[in-house]
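Ready for a few short exercises? Have a look at the model first, then try each task before reading its solution.

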Amino acid sequence: MDYSDLVDVYEKLEKTTKRLEKTHILAEFLKTVRTDSLPYVVLLLQGNVYPAVEEKKIGVAAKLVLKAIASASGIPHDKVEHHWAKSGDLGETAAELMGKKKQSTLFKTDITVKKVMENLRKLATLEGEGTVSRKVDLISELLTSATSKEAKFIVRTMLEELRVGVADGTLRDAIVWAYFGKEIGFTYNQKENDFDVKDRIKYNEYSDAVQRAYDMVSDFSEVIVAAKEKGLLGLAKSSLKVGAPIKVMLYPKAEDFKEAFEALGKPAQCEFKFDGFRIQAHKKDGKITLFTRRLENVTKQFPDVVKFVEEFVKAKEFIIDSEAVGYDSKTKKYVAFQIISQRIKRKYDIEEIAKKFPVELDVFDVVEYEGENCMNKPFRERRKILEKMVPKEVPFKLKLAEAIVTSSEKEAEEFYQKSLQAGNEGVMVKSLDAPYQPGRRVGGGVKIKPVMETLDVVIVGAEKGEGKRAGWLSSFIIACRDEDSDELVEIGRVSTGFKEKSEEGTSFDDMTKLLDSLIVDKKGKIVKVRPKIIIEVAYEEIQKSPEYSSGYALRFPRLVRLREDRGPDDASTLREVDVLYSKQRGRHK
Ligand code: AMP
C-alpha cells in the first residue's frame, strides 16, 4: 500500500473532531486495506511504530529531524530553524522546505507504508557510535523520497506527535463498522453524523468481542487481523499470553461508603489503597516479568520484587496484579510514591538504589493461574486463589493487600482511618461478584480518598523563564484528555510547587532536563512538547475560561508531584473535570 493513501486518511481525520465521523473515515479506509498491510497501517494510524507491549520506542528528538531536513533539502540549518520558529510545527516546515526541493528529484518512486515503517523501525534500533549521523541519513532518505504532504506526517510520526486523534475506542468501533457492518445491518448517515444498526444486540456482541480481544493482547495490529480474517471466532481465540502485559483494571472515585455500597452491593471488600505504583507480575517457564500500568517492562529495575515473587508466590504460571509500595527501612512506615518513583526509569546502580528505596509488594488480584484465565471468575474466588498462591505473607517483602469484607459503613470507616494512619492514600472498595475488567473503570470497585481532589495533567508546552529563572523552562502548559475527540485540551499553566534546587524536590532544572528532548516546536519563548510527562496538580478552584481549549482554567494550580508511572492515557478526562466543576458549584451555592 502506498503511504500516500494513508496520508489522505490522516488529512481527512485532521479535519474533524467528531468521533463518529472519524470512525466512519477509518472504517471506510480499513475496508480497502489488504490483510498483509493491516498491522502496519493500524499502528501508523495511531501514530505508533511498535505496539505498546513492545519495549522499543522511536523517540527521535526534534534537533535531529532539523538536521535531516537541512541535509535533505540543501537549505542551511539556521534557515530551517528559523522557518520552524515561525511555523511552530516541524512537520509543516519539512513539508514546505522539502517541497521546494522536489522539482530536482527526477525519478521519484511512490513510497509504501512498509518502507516508511521499516525505516522508522531502523531509527528506533540504531545504537552505538555514529548513531546520530546514521539517523540523520535515514531520515533524509525518507524525506527525499516523500512528497511534501508525506514528509509532514513522517516527521510528525517520528516525533510521536501525529495529532490526528485515533484513540482506542474509535479504532475498536471502526473495526466493527468495517468488518461486521453487513451482519449488524449498519448504516452511517453522513449528513446527520449519526449511525443506525438493525441488530443492536449483535452490534454490542461484536463490539464486546473486539474489545475483549484487545483487552487480552493489548495490540490492535493483532486484533484487526483476527477480526478481518476469522470474525467472531478469531476474536474469541485471542487469549491472554503470560509474559505479554495487559491493561489493568481501574476504579472510579466514590464520595463515601454509602455511595460505595450502593454501587457495589453488600458485603464488599475494603482494601488498603497504597500510594505506590502498579506492578503486574507474570511467571511462565520459571521466568518472571514485571510490567507497569503503562505496559512498560520494569523487570530489570526491580530485582528485589522478582525475588519476592519467586520466593513467596507458590505457583508455576500466573499473572498477578499488585502495588509496589515504598517504606522507610528505619521507621518501617510506608512512604509516598515520589520517594520511590525514581526507581521506575533507573538504568544503572540498580541494586544500590533498591537498597536505598526498598519496596513491599502488595498483591490484590489474579488474572491467570496455572494456565487458566481467571478474569471471569468473581472477585471473591480470585481472592481465594490468591490466598492459596501466597500461603505465607512476609511484611516488607510480599503480602496480600490488607483487607476486610464488610457490610457496615462504620466498620469500613474504621478501616479507612487505619489505612490512612498506616501512611496509605485511602481505601479501595471492591465488589465481590465482579470479574476482572482490564482497562475499565466501571463496576468492579471504587476508590475513596481524602477530599482534596487533584488532577493528573499532561504537560503539552512550556515557557522559558526570565531573570533568575533564565535558562530554565519555568511555566508549564497543562492539559487533560477529551475522551470525545480523543484530543488533549489545555486547562491552564502551572509554575508553582517547583523548587529552585533539586535537593528540595522537583526543580525547574529537573523539569527543563526532562522536557528538553521532548520539544517538538518552538515559537518565541514558548515551546511545545511531546505529551509524555504527567504531573499531579492541586488547585483552589476550577473556573470556566475561554482562554484554554478545555473551556476551563485551574485557579492557582500547583505541582503536587511528578507521576513517572503514568502516561497521557492516564490523564484526567474532561468529563471528570466537568463533574468536579459542577460539584464545586453545588458546594458554593
Ligand atoms: P488513582 O491513581 O487514585 O486513580 O488510583 C488507582 C491506583 O491505585 C491503581 O492504579 C493502583 O496502582 C493503586 N492501588 C493501590 N492500592 C490498590 C488496591 N488495593 N487495589 C487496586 N489498586 C490499588
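**Exercise 1: a ring pair and its surroundings**

In this predicted model, Y203 is buried, with a relative accessible area of 6%.

Task: Work out why the pair of F195 and Y203 counts as tilted.

Solution:
- Start with the distance: the ring centres of F195 and Y203 are 5.7 Å apart, and rings pair when their centres lie within 6.5 Å.
- Next, take the angle. The planes of F195 and Y203 meet at 50°, while under 30 degrees would be stacked and over 60 edge-to-face.
- So the F195 and Y203 pair is tilted.
- Now check the partner: F195 has a relative accessible area of 18%, so this residue is buried too, as buried means under 20%.
- Finally, zoom out. F195 and Y203 belong to one aromatic cluster together with W177, F186 and Y188, and the structure holds 19 aromatic pairs.

**Exercise 2: a pair across the chain**

Task: Find where F476 and F498 sit in the chain, and say whether F476 is buried or exposed.

Solution:
- F476 belongs to strand 14 (residues 473–482).
- F498 is in the loop between strand 15 (487–494) and helix 19 (508–516).
- That puts the two 22 residues apart, so their pair links distant parts of the chain.
- As for cover, F476 is buried at 0% relative accessible area, and F498 counts as buried at 8%.
- Their geometry is tilted: 4.8 Å centre to centre, with 50° between the planes.

**Exercise 3: charges over rings**

Task: Which ring does the charged end of K266 sit over, and which residue's face does K332 lie over?

Solution:
- For K266, go to F261: the charged end is 5.6 Å from the centre of that ring.
- For K332, go to F396, where the distance to the ring centre is 5.4 Å.

**Exercise 4: around the ligand**

Task: Describe what surrounds the ligand, and how much of its area the protein buries.

Solution:
- Count the neighbours: 14 residues surround the ligand, and the closest are E271, E323, K430, K447 and R566.
- Sort them by class: 9 are charged, 5 are nonpolar and none is polar.
- Trace where they come from. Strand 3 (268–273) and strand 11 (426–431) each supply at least two residues of the shell, and strand 3 gives the largest share, 3 residues.
- Look at the contacts: a backbone N or O atom of F272 lies 3.0 Å from a ligand nitrogen atom. Polar side-chain atoms of K273 and R566 lie 3.0 Å and 2.9 Å, respectively, from an oxygen atom of the ligand.
- Last step, the area: the ligand exposes 500 Å² when taken alone, and the protein buries 96% of that.

Definitions and conventions: Residues numbered from 1 in each chain as written. Predicted model: local features only at pLDDT ≥ 70, side-chain atom pairs only at ≥ 80, totals over all residues. Heavy atoms only, no water. Phe/Tyr/Trp six-rings, centres within 6.5 Å; stacked < 30°, edge-to-face > 60°. Buried < 20%, exposed > 50% of the residue type's maximum accessible area, 1.4 Å probe, protein only. Helix = DSSP H or I, 4+ residues; strand = E, 2+ residues; numbered from the N terminus. Lys NZ or Arg CZ within 6 Å of the ring centre and 35° of its normal. Near = heavy atom within 4 Å. Polar contact = N/O pair within 3.5 Å; in protein donor to acceptor, adjacent residues only side chain to side chain. Areas by Shrake-Rupley, 256 points an atom, 1.4 Å probe, with all protein chains shown as cover. Nonpolar A, V, L, I, M, F, W, Y, C, P; charged D, E, K, R; others polar.
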